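Here is a brisk report on one protein model. Have the sequence and the coordinates at hand.

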Amino acid sequence: MPAIVLVGAQWGDEGKGKVTDLLGSSVDYCVRYQGGNNAGHTVVVDGESYAVHLLPSGVITPGCVPVIGNGVVVDPAVLLDEIAMLEARGVSTERLLISANAHLIAPYHATIDKVTERFLGKNQIGTTGRGIGPTYADKVNRVGVRVQDLFDPGILRQKVEGALDQKNHLLLKVYNRRAITVNEIVDGFLRYADALRPKVADTSAVLNTALDDNKVVLLEGAQATMLDVDHGTYPFVTSSNPTAGGACIGSGVGPTRIDRVVGVLKAYTTRVGAGPFPTELHDADGQHLRKVGGEYGVTTGRPRRCGWFDAVIAKYSTRINGFTDYFLTKLDVLSGFERVPICVAYDVDGVRHDEMPMTQTDFHHARPIFEYLDGWWEDISGCRSFEDLPKAAQAYVKRLEELIGAPVAGVGVGPGRDEVIAIRELVPAA
Ligand code: GDP
Ligand code: IMO
Ligand code: MG
């Protein structure tokens with residue numbers, strides 16, 4: 001049975017949590033494969049809103065097994081808090097599985113994340129300050145600490161010593177901060193070991209066996225294509241691979257087992273943090289999108305930068321991820337504009353670019369070339385079929401579909417689980 005990958009097609013916050021939840025009842029396993037608690041995924045069920053940062057959104061769905069894959073970076077304190085928060089609200093986390101190979105975020109990672117940003121000054125990335133970049137840097141630098149190390153205190157101490165060796169020089173001599181002791185880190189980590197032990201597993205083995213047994217596995221991306229460390233707007237990116245290829249690496253499920261790759265796409269564009277954003281609005285229209293769309297970060301509370309839909313980015317995202325389908329969210333937020341612009345190409349220093357420019361310098365210079373479609377005024381949150389939508393909204397979706405290079409399988413018309421228009425099944429019938 002199929003593995004399905006779900007990936008954000010823009011700069012994050014497209015509504016991945018909502019789409020994961022929609023698929024939830026047809027899915028047996030829901031897996032996070034990269035990122036950490038920099039994510040904030042919202043699921044709204046019966047008017048109750050849940051924000052998950054580290055757990056897969058499928059944790060909300062009864063019967064679905066939530067899995068934290070090897071590619072995720074785990075802050076154990078945050079994980080246990082999130083588990084406690086959900087349990088207190090009656091959501092069971094009993095079935096949660098955590099990869100033994102996932103890397104741990106230590107307090108020194110968050111410290112380094114924050115001081116590095118401060119030192120970057122006006123060139124800062126605008127990270128979430130959760131220690132994500134420094135943890136992945138340690139992983140690649142082979143001085144990371146993994147979940148499995150919690151169960152071998154001798155090895156844990158050895159690894160923390162290795163990790164702190166250079167960092168303390170950096171903290172003391174470059175950043176003028178106090179040194180961190182091995183004991184405080186090891187003792188801190190060991191406090192979580194007992195609580196986590198029953199949930200730790202060889203998750204790649206579990207997922208591949210599940211696929212052999214005809215179970216449906218959903219690999220839920222965090223962040224998004226344009227925040228991908230390889231394919232995004234580097235250096236204004238996160239430090240992992242949210243794109244579809246990252247799903248294989250971060251879960252231990254091979255590419256031949258993946259049947260569908262679903263892009264989650266907002267009907268306009270938002271971005272949190274620094275970096276280029278060609279269709280960004282600095283006027284009343286941008287404020288309107290932020291207000292009506294509730295565009296404030298789920299993790300940091302920062303106002304999201306807002307702009308019109310960018311088809312160049314969506315087309316690029318289709319190429320990088322090999323999307324088989326799109327789910328278009330927040331179409332309801334676009335009600336009430338006289339006309340709705342779509343960016344179809346860029347002007348880069350007088351030259352038209354129909355595709356993503358090759359260099360970052362050109363992308364920084366990109367000015368949007370818009371096509372203008374008629375707007376609509378109706379509240380569309382009650383629409384449940386494509387034909388229910390006003391003609392102008394139908395035309396908008398159809399035009400996007402032509403431009404982005406993959407079919408739109410569903411449209412979101414509100415935050416709630418039932419506020420959707422289903423066009424095509426995303427999970428093939430068993
Ligand atoms: P994620 O990080 O991709 O999961 O997205 P976030 O949860 O950070 O942000 C998406 C926001 O939009 C959340 O507040 C959702 O409840 C909300 N949302 C999702 N889909 C829709 C939709 O179709 N219409 C409206 N109005 N809100 C939506
Ligand atoms: P979800 O999963 C939007 C952004 C940060 C910053 C950059 C690097 O909810 O879509 P990091 O802390 O990862 O090193 O920050 O990436 N960023 C996100 N933006 N949605 C997210 O997650 C994000 N996770 C990280 O704002 O610009
Ligand atoms: Mg989010």
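The report covers a sheet, a metal site and a pocket.

This is a predicted model: local features need pLDDT of at least 70, side-chain atom pairs count only at pLDDT 80 or more, and totals for chains, interfaces and linings use all residues. Residues are numbered from 1 along each chain as its sequence is written.

**Sheet.** An open sheet of 10 strands runs in the order 9-7-5-2-10-1-11-15-19-20, with mixed pairing. Strands are DSSP runs of E, at least two residues, and helices are runs of H or I, at least four. Two strands pair if DSSP finds at least two bridges between them. Strand 9 (200-201) and strand 20 (420-422) stand at the edges with a single partner strand each, so one side of each has no neighbour in the sheet. Strand 20 pairs with strand 19 (residues 408-412) in the antiparallel sense, over three bridges. Val-411 has Ile-421 of strand 20 as its bridge partner.

**Metal site.** Two protein donors, 2.0 to 2.1 Å away, serve the magnesium ion (ligand 3). Donors are N, O and S atoms within 2.8 Å of the metal (3.2 Å for Na, K and Ca); water is not among the atoms, so sites may look incomplete. The two residues are 27 residues apart. Buried means under 20% relative accessible area, exposed over 50%, partly exposed in between (1.4 Å probe, protein chains only).

| Residue | Donor atom | Relative accessible area |
|---|---|---|
| Asp-13 | OD | 22%, partly exposed |
| Gly-40 | O | 12%, buried |

Asp-13 sits in the loop between strand 1 (3-8) and helix 1 (16-24). Gly-40 sits in the loop between strand 2 (29-32) and strand 3 (41-45).

**Pocket.** Helix 6 (182-196) supplies at least two residues of the lining of the second largest pocket.

Note on methods. Chains are lettered from A and ligands numbered from 1 in the order in which they are written. Side-chain values use heavy atoms; hydrogens and water are left out.
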